[in-house]
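Before turning to individual side chains, it helps to settle how the fold is organised and which residues sit inside it. Please keep the sequence and the coordinates in view while reading the paragraphs that follow.

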Amino acid sequence: MPISCPITFPRLSQEAFGRLDFAVMKHAMAAHRELGCLCDENIYQAQLAYLLTAADFDVQTEIPCTLQFRSFVKILYLDAVINGQAIYEFKTVAAITPPHRVQLLN
């Protein structure tokens, strides 16, 4: 199934991704502490984007990606792309369930 995304992602080494993710997660935990554990996902996303942008990260949110097969077309949105290198999917739930895992794999 062809997937069209406006961003071309570079291949990151485990080490490079680990450094980026460690820095991003520091800000994600700060947003979590500030907003609480079950804050609305859109508010959490906006706060994290604000924190990351203030820390000189390049943050893009709600990036559309189009899945197409014959007459079937579906647009999915990436919650956030940081520095044009890594995709982040936000969840504001008490626990990750099997449907969440399927969404992350998609």
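A residue is called buried here when its relative accessible area is under 20%, exposed when that area is over 50%, and partly exposed in between. By that criterion Y88, at 10% relative accessibility, counts as buried. The model is a predicted one, and every value below is computed from its atoms.

Y88 lies in strand β4, and its surroundings are a useful way into the structure. Leaving aside neighbours within four places in sequence, Y88 is in contact with F17, L20, D21, V24, M25, D79, A80 and I82. Helix α1 covers residues 14–35, and strand β3 covers residues 72–82. The C-alpha atoms of Y88 and C5, which are 83 residues apart along the chain, are separated by 15 Å.

A86 is also placed in strand β4, which runs over residues 86–88, and with a relative accessibility of 3% A86 counts as buried. Not counting residues up to four places away in sequence, A86 touches F9, F17, L20, A80 and V81. One of these partners, L20, is 66 residues from A86 in sequence, yet the two C-alpha atoms are 8.3 Å apart in space.

With these two residues of β4 in mind, the overall arrangement can be read off. The protein chain contains three helices and four strands, and along the sequence these elements follow the pattern β-α-α-β-β-β-α. The C-alpha trace spans about 45 × 30 × 25 Å along its principal axes, and buried residues make up 27% of the 106 residues in the chain. If one takes the contacts between residues at least 6 apart in sequence, 53% of them join residues at least 24 apart.

How do the axes of helix α1 and helix α2 cross? The axes of α1 (residues 14–35) and α2 (residues 41–54) come within 9 Å and cross at roughly 130°. That angle makes α1 oblique to α2, because an angle over 145 degrees would be needed for a roughly antiparallel pair and one of 65 to 115 degrees for a roughly perpendicular pair. The crossing of the two helices is right-handed. On the α1 side the contact is made by V24, H27, A28, A30, A31, H32, E34 and L35, and these residues meet I43, Y44, Q47, L48, L51 and L52 in α2. Sorted by class, the contact of α1 with α2 has 10 nonpolar, three polar and one charged residues. V24 thus belongs to the contact with α2 and is also among the residues in contact with Y88.

M29 lies in helix α1 as well, and with a relative accessible area of 38% M29 is partly exposed. M29 and D58 are 29 residues apart in sequence, and their C-alpha atoms are 18 Å apart in space.

The cysteines deserve a separate look. The structure holds zero disulfides. C5 is in no disulfide, and the nearest cysteine sulfur, that of C65, is 3.2 Å away; likewise, C65 is in no disulfide, with the sulfur of C5 as its nearest cysteine sulfur at 3.2 Å. The pair is not counted as a disulfide because the sulfur atoms would have to be within 2.5 Å. C5, at 25% relative accessibility, counts as partly exposed, whereas C65, at 9%, counts as buried.

Strand β2, covering residues 59–69, can be followed through two further residues. L67 is found in this strand and, at 15% relative accessibility, counts as buried. The C-alpha atoms of L67 and P10 are separated by 20 Å, with their positions 57 residues apart along the chain. E62 lies in β2 too, and this residue is partly exposed, with a relative accessible area of 36%.

Finally, the backbone offers two points worth checking in the coordinates. The phi of E62 is near 50°, a positive value in a residue other than glycine. N83 likewise has a positive phi, of about 55°, although N83 is not a glycine. Whereas E62 belongs to a strand, N83 lies in the loop between β3 and β4, and at 30% relative accessibility N83 counts as partly exposed.

Methods:
Residues numbered from 1 in each chain as written. Predicted model: local features only at pLDDT ≥ 70, side-chain atom pairs only at ≥ 80, totals over all residues. Heavy atoms only, no water. Axes fitted to C-alpha atoms, helices over the stretch in contact; angles between N-to-C directions. Parallel < 35°, antiparallel > 145°, perpendicular 65-115°, else oblique. Left-handed = near helix turned anticlockwise from the far one by under 90°. Contact = heavy atoms within 4.5 Å. Nonpolar A, V, L, I, M, F, W, Y, C, P; charged D, E, K, R; others polar. Buried < 20%, exposed > 50% of the residue type's maximum accessible area, 1.4 Å probe, protein only.
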